[in-house]
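Biologist: I'd like a close look at one loop and at the strand that follows it. Please take me through the neighbourhood residue by residue, and then show me how it fits into the whole chain.

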Amino acid sequence: QVQLVESGGGLVQAGGSRTLSCVVSQSMYAVIAMGWYRQAPGQQRELVATINRGGATNYADSVKGRFTVSRDSAWTTVFLQMNSLKPEDTAVYYCNVQGYTTVTDHDSFWGQGTQVTVSS
């Protein structure tokens with residue numbers, strides 16, 4: 001079973017930066033997309049940023065120009081560089097990987113979440 005291990009969360013002051021990392025525990029037949037979602041208390045989980053196999057990226061309007069999603073060349077790690085952090089960025093951040101574990105088996109995997117708290 002593919003597992004995602006996130007790291008990099010913590011407490012940061014407003015205006016600061018933080019980088020999240022997510023490592024895929026085992027190789028997949030094909031990765032279609034990797035990305036990050038977040039969930040604030042009392043809120044639904046929302047998309048933050050994704051990158052697909054073609055390299056195209058997609059960002060939530062609220063993070064455009066501040067956050068950057070990237071991945072390594074082997075598609076084993078996805079990063080989220082967060083700059084100019086705001087208190088409203090406080091949430092649990094979840095890594096997501098979508099792809100094929102075999103030629104025919106498509107699945108979507110989630111990390112356990114990492115807390116990012118931005119103090120004002």
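Modeller: Ser84 is found in the loop between E8 and E9, where the E labels are strands, DSSP runs of E at least two residues long, numbered from the N terminus (helices are runs of H or I of at least four). This is a predicted model, in which local features need pLDDT of at least 70 and side-chain atom pairs need pLDDT 80 or more, while totals for chains, interfaces and linings use all residues. Residues are numbered from 1 along each chain as its sequence is written, and side-chain values use heavy atoms, without hydrogens and water.

Ser84 has a phi near 50 degrees, a positive value in a residue other than glycine. Its relative accessibility is 40%, so Ser84 counts as partly exposed; buried means under 20%, exposed over 50%, and partly exposed in between, with a 1.4 Å probe and protein chains only. Before E8 there is another positive phi: Trp75, also not a glycine, has about 60 degrees. Trp75 belongs to the loop between E7 (67-71) and E8 (77-82), and with a relative accessible area of 10% this residue is buried.

Now to E9 itself. Strand E9 (residues 91-100) runs antiparallel to E10 (residues 106-110), with five bridges joining them; DSSP must find at least two bridges before two strands pair. The connection from E9 to E10 is a hairpin of five residues. One bridge partnership here is that of Asn96 with Trp110 in E10.

E9 also carries one end of the structure's one disulfide, a term that needs two cysteine sulfur atoms within 2.5 Å. Its partners are Cys22 and Cys95, with sulfur atoms 2.1 Å apart, and the link is left-handed, with -80 degrees about the S-S bond. It ties together distant parts of the chain, as Cys22 in E3 (residues 18-24) and Cys95 in E9 are 73 residues apart. Cys22 is buried at 0% relative accessible area, and Cys95 is buried at 0% too.

Trp110, the bridge partner of Asn96, leads us to the rings. A search of the whole structure finds one aromatic pair; rings of Phe, Tyr and Trp (its six-membered ring) pair if their centres lie within 6.5 Å, with planes under 30 degrees apart called stacked, over 60 edge-to-face and the rest tilted. Tyr37 and Trp110 have ring centres 5.1 Å apart and planes at 65 degrees, so they are edge-to-face. This pair also links distant parts of the chain, from Tyr37 in E4 (residues 30-39) to Trp110 in E10, 73 residues apart. Tyr37 is buried at 17% relative accessibility, whereas Trp110 is partly exposed at 38%.

Arg45 meets two rings. Its charged end sits over the ring of Tyr94, 3.7 Å from the centre, and Arg45 also lies over the face of Trp110, 4.7 Å from the ring centre. For such a placement, NZ of Lys or CZ of Arg must be within 6 Å of the ring centre and within 35 degrees of the ring normal.

Finally, the wider setting. The chain has zero helices and 11 strands, and 41% of its 120 residues count as buried. Its C-alpha trace spans about 50 × 25 × 20 Å along the principal axes. Among contacts between residues at least 6 apart in sequence, 54% join residues at least 24 apart, a contact being heavy atoms within 4.5 Å.
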